[in-house]
Amino acid sequence: MSKVQGRLEGQLAVVTGASRGIGRSIALRLAQEGAYVLVHYGTREAEAEAVVQQIVSGGGQARAIGADLSTPDGIQALFVGVDDAARKHRGGGGFDILVNNAGIGQIVTLEETTEESFEEVMRINVKAPLFVTQQALPRLRDGGRIINISSFVTRVASPSVFAYSMTKGAIDTFTKMLAKQLGSRHITVNAIQPGIINTEMNAGTLQNPQGQAYAAGLSVLNRWGEPEDVADVAAFLASADSRWVTGQCLDASGGSCL
Ligand SMILES: NC(=O)c1ccc[n+]([C@@H]2O[C@H](COP(=O)([O-])OP(=O)(O)OC[C@H]3O[C@@H](n4cnc5c(N)ncnc54)[C@H](OP(=O)(O)O)[C@@H]3O)[C@@H](O)[C@H]2O)c1
């Protein structure tokens, strides 16, 4: 197959949590735009390799990197892989696009929250993106992009996912601060706030008719979201077309709870 040509030609992108769900779709979409994509995964190596295979068979370029982002050693391991790819792919010189997507869901009320459940969701959804970004900053090229995956739950109060919502509120604040800090380097930083998306995270909700009706009914477009609905927004934010957009949290929820 011939090599892909697109808006992200020659760029190196890192997408965390790209073995499945939203991250997988973002990885496929950025590769379609011509980026060389580092497909990060936590545990599902075979699924990440399948994403790489799909990209390569479509004429794109990708490599899988496994790392548990809940530990400092795991974050170091991710960047050993990133540095190696940057060296081989472009003779060093860092990378261009970071998508902080990996995360966990947690349907837990305030009353049900334990110290352990709170620390777990904070560790993966807040602490990991912060320290991944800290490692990324010296490697990210000026003019690059950071895209954080937040959620519409920061706009709509959802006490059934109490601590999870707090983690995404932290991501929105993180996004604004980073955008201010990195403006002088012409790096834009934005967040996407998806609504209910058809991924394993929502398997419980979307497997029965009541859950499906609830999920579709939240959106004014009367359907739940697919990972591609988020990936297309990520492709815009990764591209030069979004050059004058920074520090923003873009709702991608089909107008849920308007
Ligand atoms: N689905 C939704 O409705 C929705 C809505 C709003 C926002 N979001 C956000 O969108 C992002 C992706 O969600 P999704 O629904 O696509 O999730 P998903 O299908 O459950 O996939 C989660 C991804 O994160 C990775 N991951 C989880 N914990 C990890 C860890 N400790 N270390 C490394 N990787 C880890 C997983 O890797 P492995 O599978 O390889 O272990 C997987 O690739 C999350 O930040 C989520 O909060 C989702």
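In this predicted model, A252 is a residue of strand β7. A252 has 22 other C-beta atoms within 10 Å, and because the cut-off for burial is 20 or more, this residue counts as buried. Its C-alpha atom lies 18 Å from that of T167, a residue 85 positions away in sequence. Beyond strand β7, which covers residues 249-252, comes the segment that holds C257. C257 is partly exposed, since 14 C-beta neighbours fall inside 10 Å. Its backbone also deserves a look: phi is positive, at about 60 degrees, although C257 is not a glycine.

Most residues other than glycine have a negative phi. Against that background, N222 can be set beside C257, for N222 is likewise a residue other than glycine with a positive phi, here near 55 degrees. N222 sits in the loop that links α7 (209-218) to α8. With 11 other C-beta atoms within 10 Å, N222 is exposed. A positive phi is also found at G34, just after α1, where the value is about 105 degrees.

Helix α1 itself is a good place to linger. It runs over residues 21-32, and these 12 residues should span 16 Å at 1.5 Å a residue. The C-alpha atoms at the two ends of α1 are 17 Å apart, which agrees with that expectation. How many of the residues of α1 are buried? The count is 11 of the 12, so the helix is largely enclosed by the rest of the structure. The buried residues of α1 are G21, I22, G23, R24, S25, I26, A27, L28, R29, L30 and A31. Two arginines, R24 and R29, thus appear on the buried list along with residues such as I22 and L28.

Helix α1 also takes part in the surroundings of the ligand. Which element gives the most to the shell around the ligand? That element is α1, with three residues. The shell as a whole comprises 27 residues, and the closest are G17, G21, G42, G103 and T199. Of these closest residues, G21 has already been met as a buried residue of α1. By chemical character, the shell divides into 11 nonpolar, 12 polar and four charged residues. In reading that division, glycine is counted among the polar residues.

The packing of the helices comes next. Two packed helices are described by the angle between their axes and the distance between the axes. For α1 and α8, the latter covering residues 227-238, the angle is about 50 degrees and the axes are 8 Å apart. That makes α1 oblique to α8. The crossing of this pair is right-handed. Helix α1 packs with α2 as well: their axes come within 10 Å and cross at roughly 20 degrees. That angle makes α1 roughly parallel to α2, and α1 and α2 again form a right-handed crossing.

A further pair is formed by α3 (residues 72-90) and α4 (residues 115-136). The axes of α3 and α4 cross at roughly 40 degrees and come within 10 Å. These two helices are therefore oblique to each other, and their crossing is right-handed.

Individual residues in other helices complete the picture. A50 belongs to helix α2, which spans residues 45-57. Is A50 buried or partly exposed? A50 counts as partly exposed, because 16 C-beta neighbours lie inside 10 Å. A50 and E119 are 69 residues apart in sequence, and their C-alpha atoms are 32 Å apart in space.

Helix α5 (residues 162-182) contains G169, and Q181 is found in this helix too. G169 is partly exposed, with 16 other C-beta atoms within 10 Å, whereas Q181 is exposed, with 12 such atoms. Distances along the chain and in space can be set side by side for both residues. G169 and V126 are 43 residues apart along the chain, with their C-alpha atoms separated by 9.5 Å. For Q181 and R24, which are 157 residues apart along the chain, the C-alpha separation is 29 Å. R24 brings the account back to α1, where this residue is among those that are buried.

How values were computed
Residues numbered from 1 in each chain as written. Predicted model: local features only at pLDDT ≥ 70, side-chain atom pairs only at ≥ 80, totals over all residues. Helix = DSSP H or I, 4+ residues; strand = E, 2+ residues; numbered from the N terminus. Expected span 1.5 Å × (residues − 1). Near = placed C-beta within 6 Å. Axes fitted to C-alpha atoms, helices over the stretch in contact; angles between N-to-C directions. Parallel < 35°, antiparallel > 145°, perpendicular 65-115°, else oblique. Left-handed = near helix turned anticlockwise from the far one by under 90°.
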